[in-house]
Amino acid sequence: MINFADDMNEKTIREALLKGERVTLECKRAKAEVPKSIWQTYSAFANTIGGLILLGVDENLQEKDVSKRFQIIGVDEPSKIITDFWNTLNSDKVNENILVDSDVEVVNVDGAQIVCIHVPQADWMAKPIYLNGNVYKGTYRRNNEGDYHCAEAQVKAMIRDSNADGNDSILIEYYGMDDIDPDSLRQYRTEFRLENNTHVWNQVDDKTFLRNLGGYTEDRQTGREGLTLAGLMMFGKGLAIRDRFANFRMDYLDMSHLVGDERYHDRLTYDGLWENNLYQFFRIVSPKIQFDLPKPFKLEKGWKRKDDTPQREAVREAFTNSIIHCDIMATAFVSVIQDC
């Protein structure tokens, strides 16, 4: 990956070209003007992980040897190209300019002037970066060495992610306390009480408890109230969740310790034996994926047992993140496969 913190010079440009175009590097001939395709790359880099655009570098696609594929030809009038670039960048061609002056520079390579444009990854609140005022047709992402149109689902995911309040607090209309699995909420409240035995929330009813957690909400403008996305997914009845998010699935598959022609050692899926919400999935699967990990015995302060380890913490964190970062609003599933 190209380090944008490093100043560009002849050496860094040649080193970048030796590896060829990739997810973070794009070369364009641009002899006398700003190429039209630069804006697709700007959008793609901004919506992915950022990248470097080199203007004044020609690519011979027929050359198989990557180290010989690029020819440094330079641009005729770098100051004009830079001016034209900034003028277009600050017009309605793109929805937002995320560059600063230092992101664009000119580097002399063997007498040829190369215009280097550093495009950082856009902040999550600024995404998507799109072209021509059309978010669904003008949004691009970088894949290998190409710029590709984002599918509508990808664009919608970026728009949802840009919500400063997150998606967990979204009111799911027509879903209320009747859609909560009472056993799941009771089990969680018991765990909460054991960890926080003097907490004032232990004295409130289930609806108030959920509201305090962010699992239930009320729209003060309209008076509508009900479960939030987080409340439904965490503690909801499996049928209610499937009614609202028909494409969402949770699945655990243990591929370790196989004997003979076994296809899997253990599996947890939608079989009617457990309530299909995220809390139950985490509660059941978490011990399974930590079962074979070391569990040493240690006392803290002479009386409190501590048997957690960095390995167990890492596995638990990875499992938790797979749930947290799953895009519920799209076609999605949480799949855990244990193979060692």
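## A guided tour from ring to sheet

Begin by selecting Arg-189 and Phe-209: Arg-189 lies over the face of Phe-209, at 4.2 Å from the ring centre. A charge is said to sit over a ring if NZ of Lys or CZ of Arg is within 6 Å of the ring centre and within 35 degrees of the ring normal. This is a predicted model, in which local features need pLDDT of at least 70 and side-chain atom pairs count only at pLDDT 80 or more, while totals for chains, interfaces and linings use all residues. Residues are numbered from 1 along each chain as its sequence is written, and side-chain values use heavy atoms, with hydrogens and water left out.

**The aromatic cluster**

Keep Phe-209 selected and add Tyr-188, Phe-192, Trp-201, Phe-235 and Tyr-279; together these residues form one aromatic cluster. Rings of Phe, Tyr and Trp (its six-membered ring) pair if their centres lie within 6.5 Å; planes under 30 degrees apart count as stacked, over 60 as edge-to-face and the rest as tilted. Within the cluster, turn to Tyr-188 and Phe-192, which are four residues apart in helix 5 and thus separated by about one helical turn. Helices (H or I, at least four residues) and strands (E, at least two) are DSSP runs, numbered from the N terminus. Tyr-188 is partly exposed at 21% relative accessibility, whereas Phe-192 is buried at 12%. Here buried means under 20% relative accessible area, exposed over 50%, and partly exposed in between (1.4 Å probe, protein chains only).

A search of the whole structure finds 15 aromatic pairs. Select Trp-39 and Phe-85 to see a stacked one, with 5.2 Å from centre to centre and 5 degrees between the planes. Trp-39 lies in helix 2 (residues 38-47) and Phe-85 in helix 3 (residues 78-89), so this pair ties together parts that are 46 residues apart in sequence. Both partners are buried: Trp-39 has a relative accessible area of 5%, and Phe-85 one of 2%.

**The nonpolar cores**

Next, select Phe-248 and Phe-281, the residues with the most contacts inside the largest nonpolar core, which has 32 residues. Such a core is a set of buried Ala, Val, Leu, Ile, Met, Phe, Trp, Tyr and Cys residues joined through side-chain atoms within 4.5 Å. Helix 9 gives the most to this core, with five residues. In soluble globular proteins, nonpolar side chains tend to be buried together.

Which residues surround Phe-281, leaving aside its neighbours within four places in sequence? Its contacts include Met-250, Tyr-252, Leu-268, Trp-274, Phe-319, Val-334 and Val-336. Contact means heavy atoms within 4.5 Å. Now move to Gln-290, which is also in helix 9 (residues 278-290). Gln-290 is buried, with a relative accessible area of 7%, and touches Arg-312, Val-315 and Arg-316, not counting residues up to four places away in sequence.

**The open sheet**

Now display strands 1, 2, 6 and 5: these four strands form an open sheet in the order 1-2-6-5, with mixed pairing. Two strands pair if DSSP finds at least two bridges between them. Strand 1 (25-28) and strand 5 stand at the edges with a single partner strand each, so one side of each is left without a neighbour in the sheet. Helix 1 (residues 10-18) packs on the sheet, touching strand 1, strand 2 (51-55), strand 5 and strand 6, and its direction makes about 90 degrees with that of strand 5. Axes are lines fitted to C-alpha atoms, for helices over the stretch in contact, and angles run from 0 to 180 degrees between N-to-C directions.

Zoom in on strand 5 (residues 104-109) and strand 6, which pair in the antiparallel sense over six bridges. Asn-108 has Gln-113 of strand 6 as its bridge partner, and Val-106 has Val-115. In the hairpin of these strands, which has two residues between them, Asp-110 takes a positive phi near 55 degrees.

**Three stops in the loops**

Follow the chain onward to Pro-128, in the loop between strand 6 (112-119) and strand 7 (140-143). The peptide bond from Lys-127 to Pro-128 is cis, with omega near 0 degrees. Asn-132 lies in the loop between strand 6 and strand 7. Is Asn-132 buried or exposed? Asn-132 counts as exposed, at 54% relative accessibility, and it has a positive phi of about 60 degrees although it is not a glycine.

Finish at Tyr-174, in the loop between helix 4 (152-161) and helix 5 (182-195). Tyr-174 is exposed, with a relative accessible area of 79%, and its phi is near 70 degrees, a positive value in a residue other than glycine.
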